[in-house]
Structure formats: C-alpha cells, structure tokens
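Thanks for coming. I have one structure to go through today, and I'll take it residue by residue where that helps. Please have it open in front of you.

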Amino acid sequence: MATALYRLSEEELSKVPDASNMCFGIVVSEWNREITSNLLHGAVTTLEKYGALPENIHVKTVPGSFELIYGAHQMGLNDSFDAVIVLGSVIRGETPHFDYICQGVTQGIARLNATSNVPVIFGLLTTDTLLQAQERAGGKFGNKGEECAIDAIKMAKF
C-alpha cells in the first residue's frame, strides 16, 4: 500500500505482466461509496491499462465490508476468474464495530486465499478518519484500487 514512505516505482510498474488474456472479478462495498467508487475506478482503469478487456472485468456490489467475504467466495466459485479483488472502506467510529468488521473481513479473506484456487486481493481501507481514506483512494497516497489491480494481475500470473 502506498504511504508517505513507499510507492510503487517505475521499475516495479514496468514488470507488471500483460493482462489481456485474464479475467477479473471485483467485489465492491456500497458503504462509504465516496471512497469505494474511487477505489473501483482506480482498479478498473489499471486493469485496462495493463491489457484487461472491459468485458473481462466483472463488478458486483455488496452492502457493506463484511459482505465482501461472501461476494469474493461466490466469485471464486466461478472458474473463469483469474483473480478477485475486494474493495471496501471502514472508518473508525465511536464503538468497537470498526475492530470487529476489520478483523472479520481480514480473517475471512485470508481464509479464502488459503482454501480457494483463485487469489483474492485485499483492498479494504481501514482508517481512523475520512481524510485518511480519501488520501488512499486517489489522494496524496495514491489509489489502493490501482495497487490491488496490479496485485491481482501479478497473482493471476503466479
């Protein structure tokens, strides 16, 4: 993930495989749509930049971040996907709900990666503030959706 200290270098970007023969599933949360729509745009644009055909990029929405697990699992059952990307945003509030959702989604996606034949790319922003999420969804720290797309291409080639 891009931070103040790290961004993907031009050399790393030049090594991204061609995605023209790959098919991708993207599951995106409707919650915090301002953020997740930017993540989705970044992911789709990047997949296409590296050769993925628009008809080989399949997007499904789920209500919230916790539902990303189910959506990714269902997409993983479809043999036509080379990788699945999950995109969501959880912003800390005043209750422990943030911790439960973040831990649950992290564990669920990790379990899918360990048990399925399709790589699932973790694109859940877990931030303390809306500003932090904005900075990672097309702001000064780049777009996590773009990074997830690159990861998906690399893992599909794996």
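Let me start with Ser-29, which is buried, at a relative accessible area of 2%. Before going further, note that this is a predicted model. Ser-29 belongs to strand S1, residues 24–29. What does the side chain of Ser-29 reach at 3.1 Å? That is the backbone nitrogen of Trp-31. The same side chain also reaches a backbone nitrogen at 3.5 Å, that of Ser-65. Setting aside residues up to four places away in sequence, Ser-29 touches Thr-36, Val-62, Pro-63, Gly-64, Ser-65, Leu-68, Leu-87 and Gly-88.

Now the strand itself. S1 pairs with strand S2, residues 57–62, in the parallel sense, over 6 bridges. Between S1 and S2 the chain passes through helix H2, residues 33–49, and this β-α-β crossover is right-handed. If you want a place to look in the pairing, find Ile-26, which stands opposite Val-59 in S2.

On the way from S1 to H2 there is a loop, and Asn-32 lies in it. Asn-32 has a positive phi of about 60°, although it is not a glycine. Is Asn-32 buried, partly exposed or exposed? Its relative accessible area is 24%, so Asn-32 counts as partly exposed.

Next, the nonpolar interior. The largest nonpolar core has 27 residues, and those touching the most other members are Phe-24, Ile-26, Leu-47, Ile-85, Leu-87 and Ile-153. Which elements each supply at least two residues of this core? They are S1, H2, strand S3 (83–91), strand S4 (120–127) and helix H6 (144–157). Take Leu-47 as an example: leaving aside neighbours within four places in sequence, Leu-47 is in contact with Ala-19, Phe-24, Ile-26, Ala-52, Ile-57, Ile-85, Ala-149 and Ile-153. Apart from this core lies another one, of 20 residues, among them Cys-23, Val-62, Ile-69 and Met-75. Val-62, you may recall, is also one of the residues that Ser-29 touches.

Staying with buried positions, Val-84 is found in strand S3. Val-84 has a relative accessible area of 0%, so it is buried. Leaving aside neighbours within four places in sequence, its contacts are Gly-25, Val-27, Ala-72, Met-75, Gly-76, Val-118, Pro-119, Val-120 and Ile-121. For a distance you can check on screen, the C-alpha atoms of Val-84 and Lys-60 are separated by 11 Å, with the two residues 24 apart along the chain.

Last, the cysteines. A disulfide is a covalent bond between the sulfur atoms of two cysteines. How many disulfides does a search of the whole structure find? It finds 0. Why is Cys-102 not in one? The closest cysteine sulfur to that of Cys-102 is in Cys-148, and it is 15 Å away, which is too far for a bond. Seen from the other end, Cys-148 is in no disulfide either, and its nearest cysteine sulfur is that of Cys-102, at 15 Å. Are these two buried or exposed? Cys-102 counts as buried at 10% relative accessibility, and Cys-148 is buried as well, with a relative accessible area of 0%.

That is what I had. I'll take questions now.

Methods. Residues are numbered from 1 along each chain as its sequence is written. This is a predicted model: local features need pLDDT of at least 70, side-chain atom pairs count only at pLDDT 80 or more; totals for chains, interfaces and linings use all residues. Side-chain values use heavy atoms; hydrogens and water are left out. Helices (H or I, at least four residues) and strands (E, at least two) are DSSP runs, numbered from the N terminus. Buried means under 20% relative accessible area, exposed over 50%, partly exposed in between (1.4 Å probe, protein chains only). A polar contact is a pair of N or O atoms within 3.5 Å; within protein, one must be able to donate a hydrogen and the other to accept it, and residues adjacent in sequence count only if both atoms are side-chain atoms. Contact means heavy atoms within 4.5 Å. Two strands pair if DSSP finds at least two bridges between them. A crossover is right-handed if, with the strands pointing away from the viewer, the path from the first strand over the helix to the second runs clockwise. A nonpolar core is a set of buried Ala, Val, Leu, Ile, Met, Phe, Trp, Tyr and Cys residues joined through side-chain atoms within 4.5 Å. A disulfide is a pair of cysteine sulfur atoms within 2.5 Å.
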